[in-house]
Amino acid sequence: MKIGIFYGSSTGTTAEVAEKIAKQLGVDAADVYDVAKVGPSKFGEYDMLVLGSSTYGSGELQDDWYDMLDGAEKLELKGKRIAVFGCGDESMTDTFCDAVSIIYERMKPTEATMVGMFNTYPYEFDSSKAVPVQGGEAVGLLIDEVNHSDVTDKRIEEWCKTLVG
């Protein structure tokens, strides 16, 4: 299975997480893309897409994702798998990692199979659009490098096992 990792990162944190995911999945650096430098047609080259964004402001996507998603959500990706990850700060207690949900929801119309639901432990927050049922699993991997960098590597390892296991 050929995997492509696509991320939007303003401060570098999401780029670093994307690189860790790539390493864990055995994805070559040539298959890891900053969405500011590539178009949605690149999605067609992969069997699985791993898409990541930081959450900014009041629950918004990283800026470079908006144009990418405008084109990507119109693609027909039936037969492909999509997993989403995102970085946030749990102290933003009402919008923690909301960008994960934005990507997830906008990619659903492509008919790709959405995969990668994952637990939210040990994070504590009031709500997140990335967690459809309060107290349940998130629609992707949530990472908080601000408050819980000590669990990032373990969470990535466990999540990646669910994607290819």
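**Aromatic cluster and the enclosed strand β1**

Y46 is buried, with a relative accessible area of 1%. In this predicted model, ring pairs join Y46 with F6, Y33 and F43 in a cluster. One member of that cluster, F6, lies in strand β1 (residues 3-8), a strand that is largely enclosed by the rest of the structure because six of its six residues are buried.

**Aromatic pairs**

- A search of the whole structure yields seven aromatic pairs.
- One of them is formed by F6 and F43, whose rings meet edge-to-face at 4.6 Å centre to centre, with 70 degrees between the planes.
- F6 belongs to β1 and F43 to the loop between β2 (32-34) and β3 (48-56), so this pair ties together parts that are 37 residues apart in sequence.
- F6 has 0% relative accessibility and therefore counts as buried; F43, at 0% relative accessibility, likewise counts as buried.
- Y33 and Y46 form an edge-to-face pair, with 6.1 Å centre to centre and 65 degrees between the planes.
- This pair links distant parts of the chain, 13 residues apart: Y33 is in strand β2, while Y46 is in the loop between β2 and β3.
- Y33 has a relative accessibility of 13% and counts as buried because the cut-off is under 20%.

**Burial of strand β1**

- In a regular strand, side chains alternate between the two faces of the sheet.
- Both faces of β1 are covered.
- On one side, I3, I5 and Y7 are buried; on the other side, G4, F6 and G8 are buried.

**Strand pairing and connection**

- β1 and β3 run parallel and are joined by six bridges.
- Within this pairing, G8 has S53 of β3 as its bridge partner.
- β1 and β2 also run parallel, with three bridges between them.
- F6 has Y33 of β2 as its bridge partner.
- From β1 the chain passes through helix α1 (residues 13-25) to β2, and this β-α-β crossover is right-handed.

**Where the topics meet**

- F6 takes part in the edge-to-face pair with F43, and the bridge partner of F6 in β2 is Y33.
- Y33 in turn pairs edge-to-face with Y46, and these four residues are linked into a cluster by ring pairs.

Conventions
Residues numbered from 1 in each chain as written. Predicted model: local features only at pLDDT ≥ 70, side-chain atom pairs only at ≥ 80, totals over all residues. Heavy atoms only, no water. Phe/Tyr/Trp six-rings, centres within 6.5 Å; stacked < 30°, edge-to-face > 60°. Helix = DSSP H or I, 4+ residues; strand = E, 2+ residues; numbered from the N terminus. Buried < 20%, exposed > 50% of the residue type's maximum accessible area, 1.4 Å probe, protein only. Pairing = 2+ DSSP bridges. Right-handed = clockwise from strand over helix to strand, strands pointing away.
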